[in-house]
Amino acid sequence: YTMNGAVTFEHVTFQYPDTAAAVLHDISFETKPGTTVAIMGATGAGKTSLVGLIPRLYEQNAGVIKIDGTDISTLNTEYLRDSIGYVPQEIILFTGTIRENIAWGKEDATLDEIIEAAKLAQIHDTIIQFPLGYDTILGQKGVNLSGGQKQRLTIARALVRKPCILLLDDSTSALDVRTEASLLQALRNISCTTFLITQKISSTLHADLILLLEDGSLLAQGSHEELIADCALYQRIYES
Ligand code: DUT
Ligand code: MG
């Protein structure tokens with residue numbers, strides 16, 4: 001079967017093997033398929049750790065994580081990671097063409113698939129402005145991209161695998177508000193459940209669910225309107 005991408009956390013607690021204290025405490029939330037989930041919180045709050053549990057990069061110590069109602073610990077790891085696109089916080093590009101960089105990890109991707117992913121990631125228009133287009137070489141001997149262009153390229157790399165769930169770890173920090181909104185709308189259009197770690201209120205405004213983490217605990221969750229009404233910390237972030 002193919003995933004719908006409804007993710008559920010039930011009382012999830014997580015601790016890295018080499019640390020004394022848990023970094024996530026009793027996290028519970030539920031997403032609907034194809035929706036946008038924004039994760040906010042100060043540095044060290046546990047945002048990267050939380051999304052890493054979804055493709056089972058780590059195992060939680062307590063609680064259950066489900067996708068479409070199925071406990072992910074019962075799912076084949078390869079299938080799980082094939083269905084989940086992960087754009088890590090650290091961008092990795094190598095010396096090679098744009099085409100090779102997008103297809104990294106899925107070398108059998110066709111040019112059409114690469115272009116489709118680049119369009120979704122809002123980077124196609126930039127790429128075709130280079131004289132060599134998708135054959136443009138990146139790196140020391142080639143073109144240097146801006147921070148936001150690099151972010152969109154790595155998002156395209158995740159999308160070429162046609163994931164049902166996409167994890168964006170701070171991957172839109174360098175995008176302007178309008179480009180980010182176009183990206184989120186494109187992901188909605190293909191019904192890709194998107195987890196967006198962000199520090200920007202502009203990205204949470206259109207999220208269906210906002211998770212606000214503080215010291216590993218879920219301080220608040222809800223829509224922008226709900227958090228503005230109920231959550232003092234969110235109000236402070238909004239006003240700052
Ligand atoms: N931590 C570890 N081991 C690791 C990674 C993180 O002990 O391999 C700790 C550091 C921190 C907590 O887990 O106290 C949460 O880290 P995480 O990276 O999840 O925080 P973040 O919210 O993603 O922070 P940032 O905004 O700086 O990326
Ligand atoms: Mg992080």
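Let's start with the surroundings of ligand 1. In this predicted model, twelve names are worth finding on your screen, and here they are: Tyr16, Thr19, Val23, Ala42, Thr43, Gly44, Ala45, Gly46, Lys47, Thr48, Ser49 and Gln89 surround the ligand. Sort that shell by character and you get four nonpolar residues, seven polar ones and one charged one.

Now zoom in on the oxygen atoms of ligand 1. Which distance separates one of them from an N or O atom in the side chain of threonine 43? The answer is 2.5 Å. With alanine 45, the partner is a polar backbone atom, and the gap to a ligand oxygen is 3.3 Å. Glycine 46 also takes part through its backbone, with an N or O atom 3.0 Å from an oxygen of ligand 1. And how much of the ligand's accessible area does the protein cover? On its own, ligand 1 has 600 Å² of accessible area, and the protein covers 63% of that.

Next, please find ligand 2, the magnesium ion. Its protein donors are OG1 of Thr48 and OE1 of Gln89, at 2.0 to 2.5 Å from the ion. Threonine 48 sits in helix α1, residues 47-53, while glutamine 89 is in the loop between β6 (84-87) and β7 (96-97), so this pair ties together parts of the chain that are 41 residues apart in sequence. Are these two donors buried or exposed? Something in between: threonine 48 is partly exposed because its relative accessibility is 26%, and glutamine 89 is also partly exposed, at 43%. You may remember both names, as Thr48 and Gln89 are also among the residues around ligand 1.

Valine 23 is another of the residues around ligand 1. It lies in the loop between β1 and β2, and with a relative accessible area of 24% it counts as partly exposed. Here is something to trace on the screen: valine 23 and serine 217 are 194 residues apart in sequence, yet their C-alpha atoms are 8.3 Å apart in space.

That loop brings us to the strands. Strand β1 covers residues 7-14, and it pairs with strand β4, residues 62-67, in the antiparallel sense over five bridges. Valine 7, for instance, has isoleucine 67 as its bridge partner in β4. β1 also pairs with strand β2, residues 24-30, again antiparallel, this time over four bridges. There, threonine 8 is partnered by glutamate 30.

Let's follow β4 onwards. It pairs with β5 in the antiparallel sense over two bridges, and isoleucine 67 stands opposite threonine 70 in β5. So isoleucine 67 is worth a bookmark. The two strands form a hairpin with two residues between them, and in that turn aspartate 68 has a positive phi of about 50°. Also in the loop between β4 and β5 (70-71) is glycine 69. Is glycine 69 buried or exposed? Exposed, because its relative accessible area of 57% is over the 50% cut-off. To place glycine 69 against another part of the chain, take arginine 56: the two are 13 residues apart along the chain, and their C-alpha atoms are separated by 16 Å.

A quick word on that positive phi. Most residues other than glycine have a negative phi. Where else do we find a positive value? Glutamine 122 has a phi near 65° without being a glycine. Glutamine 122 lies in the loop between α4 (111-120) and α5 (124-127), and it is partly exposed, with a relative accessible area of 26%. Serine 191 is another example, with a positive phi of about 55°. You will find serine 191 in the loop between α7 (177-189) and β10, partly exposed at 47%.

Let's finish on β10 itself. Threonine 194 lies in this strand, which runs over residues 193-197. What makes threonine 194 count as buried? It is buried because its relative accessible area is 1%, and the cut-off for buried is under 20%. Its side chain has a polar atom 3.0 Å from the backbone oxygen of cysteine 192.

Note on methods. Residues are numbered from 1 along each chain as its sequence is written. Chains are lettered from A and ligands numbered from 1 in the order in which they are written. This is a predicted model: local features need pLDDT of at least 70, side-chain atom pairs count only at pLDDT 80 or more; totals for chains, interfaces and linings use all residues. Side-chain values use heavy atoms; hydrogens and water are left out. A residue is near a molecule or strand if one of its heavy atoms lies within 4 Å of it. A polar contact is a pair of N or O atoms within 3.5 Å; within protein, one must be able to donate a hydrogen and the other to accept it, and residues adjacent in sequence count only if both atoms are side-chain atoms. Accessible areas come from the Shrake-Rupley method with a 1.4 Å probe; for residues, only the protein chains shown count as cover. Ala, Val, Leu, Ile, Met, Phe, Trp, Tyr, Cys and Pro count as nonpolar, Asp, Glu, Lys and Arg as charged, and the others, Gly among them, as polar. Donors are N, O and S atoms within 2.8 Å of the metal (3.2 Å for Na, K and Ca); water is not among the atoms, so sites may look incomplete. Buried means under 20% relative accessible area, exposed over 50%, partly exposed in between (1.4 Å probe, protein chains only). Two strands pair if DSSP finds at least two bridges between them.
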